[in-house]
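I opened the model today and kept notes on what I looked up, going from the whole chain down to single residues.

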Amino acid sequence: MSAMKLSSATPLQPRRRAVLIGSAKGLGAAMARRLAREGYSLALIDRDAALLNQVCAEINAASPEPLALAYPHDVTEYAEVPALLQKLMIDLGGLDLLIYIAGSLLPTTPTTYEFDKDLKMMEINALGALAWFNAVAPIFQTLGCGQIVGISSVAADRGRVGNPGYNASKAALSTYLEALRNRLSRFGVHVLTVKPGFMDTDMLKSSPRTFWVVSPEQAADDIFKALKTRKQTIYTLGRWGLIMWIIKHLPSVIFRRLSF
Ligand SMILES: NC(=O)c1ccc[n+]([C@@H]2O[C@H](COP(=O)([O-])OP(=O)(O)OC[C@H]3O[C@@H](n4cnc5c(N)ncnc54)[C@H](OP(=O)(O)O)[C@@H]3O)[C@@H](O)[C@H]2O)c1
């Protein structure tokens, strides 16, 4: 964990504070750079300490004062979360935004069944998120403010032949976020579900067919706009919203014959 200190917010220089879980590369690192440009103080979390330190160093070098601190953590170490959240809130001087980005897509084929892979994806994509949401939700509920974001996927919208474990983990995450939104919106807390299609990151390397690929920077821009306008759910690219609406409404008798 970093020994560096961030400059405190003052009434004349208010500073928003965010924690990004899964921010050593890909969308998480792009989101960290985006929020740093907006002047946020950042607690960056991921399991690869060296990569995380590089992202922090790059952000801090580009700013007149340090904005980012690194907190190496594996999201499957659920028991560490409450103390880690408390520590980073002290370091940041509070918290306005939590984004759960960490994810895993383990390749499989339509005819193989591997519990160990499904378990890993459930743990990283869904259970790790629940550990963080359960820790932060009561804090934001008591404060009557705050923003929570979960990075789900278009894969959450329908069970498909390609990767049932990934589909199910993202569906669990999406449903949990919806329930959280329904609980917390009455307390003034904003909960955003993000459903990317394809993003040009390391994760995409295991996907056989891709199209409408966006850069992680473009997805981070879309998420930042959705945070500002307090959207409930966004697709990135936006056109996936229409495609997935059609796919969600396809009768099962047709959908199960498709290889999509
Ligand atoms: N790329 C796409 O096309 C796409 C599409 C739809 C949704 N998404 C979702 O978008 C999110 C960001 O993905 P990405 O494309 O940016 O992928 P990425 O580049 O692979 O980034 C995922 C990050 O999560 C970290 N992570 C994985 N397991 C972890 C663990 N146990 N503890 C802590 N950190 C862990 C990864 O670290 P390691 O490198 O060590 O694993 C990595 O830094 C994911 O939730 C993904 O499911 C991606």
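**Notebook: overall fold, cores and odd residues**

I began with the secondary structure and listed eight helices and nine strands for the chain, keeping in mind that this is a predicted model.

I then looked up the overall dimensions, and the C-alpha atoms fill a box of roughly 60 × 40 × 35 Å along the principal axes. The radius of gyration is 18 Å, which agrees with the value near 18 Å for a compact globule of 260 residues. For the surface I noted an accessible area of about 12,900 Å², with 57% of this area belonging to carbon and sulfur atoms, while 47% of the 260 residues count as buried.

I checked how far the contacts reach along the sequence: among those between residues at least 6 apart, 70% join residues at least 24 apart. I also compared the charges, and the mean positions of the 29 positive and 21 negative ones lie 8 Å apart.

**Cores**

Which residues touch the most other members of the largest nonpolar core? I found Leu 20, Leu 35, Leu 42 and Leu 44 in that role, within a core of 45 residues. Helix H1 (residues 26-37) gives the most to this core, with seven residues. Taking Leu 20 by itself, and leaving aside residues up to four places away in sequence, I listed its contacts, among them Met 31, Leu 35, Leu 44, Ile 99 and Ile 101. A second core, separate from this one, has 34 residues, including Leu 84, Leu 85, Leu 98 and Val 136. I add as background that nonpolar side chains in soluble globular proteins tend to be buried together.

**Lys 170**

Is Lys 170 buried or exposed? Lys 170 sits in helix H5 (residues 164-184), and I count this lysine as buried because its relative accessibility is 3%, where the cut-off for buried is under 20%. Beyond residues up to four places away in sequence, Lys 170 touches Asn 125, Ile 151, Ser 152, Ser 153 and Ala 156.

**Backbone oddities**

I looked for unusual backbone geometry and found a cis peptide bond joining Thr 236 and Leu 237, with omega about -5°; Leu 237 is placed in the loop between strand S9 (233-236) and helix H7 (240-249).

Trp 212, although not a glycine, has a positive phi of about 50°; this tryptophan lies in the loop between strands S7 (198-199) and S8 (213-214) and is partly exposed at 32% relative accessible area. Arg 230 also has a positive phi, near 50°, and belongs to the loop between helix H6 (216-228) and S9, where Arg 230 counts as partly exposed at 43% relative accessibility.

Note on methods. Residues are numbered from 1 along each chain as its sequence is written. This is a predicted model: local features need pLDDT of at least 70, side-chain atom pairs count only at pLDDT 80 or more; totals for chains, interfaces and linings use all residues. Side-chain values use heavy atoms; hydrogens and water are left out. Helices (H or I, at least four residues) and strands (E, at least two) are DSSP runs, numbered from the N terminus. The radius of gyration is taken over C-alpha atoms; the globule rule is 2.2 Å times the number of residues to the power 0.38. Buried means under 20% relative accessible area, exposed over 50%, partly exposed in between (1.4 Å probe, protein chains only). Contact means heavy atoms within 4.5 Å. Accessible areas come from the Shrake-Rupley method with a 1.4 Å probe; for residues, only the protein chains shown count as cover. Lys and Arg count as positive and Asp and Glu as negative; His and the chain ends are not counted. The place of a charge is taken as NZ of Lys, CZ of Arg, CG of Asp or CD of Glu. A nonpolar core is a set of buried Ala, Val, Leu, Ile, Met, Phe, Trp, Tyr and Cys residues joined through side-chain atoms within 4.5 Å.
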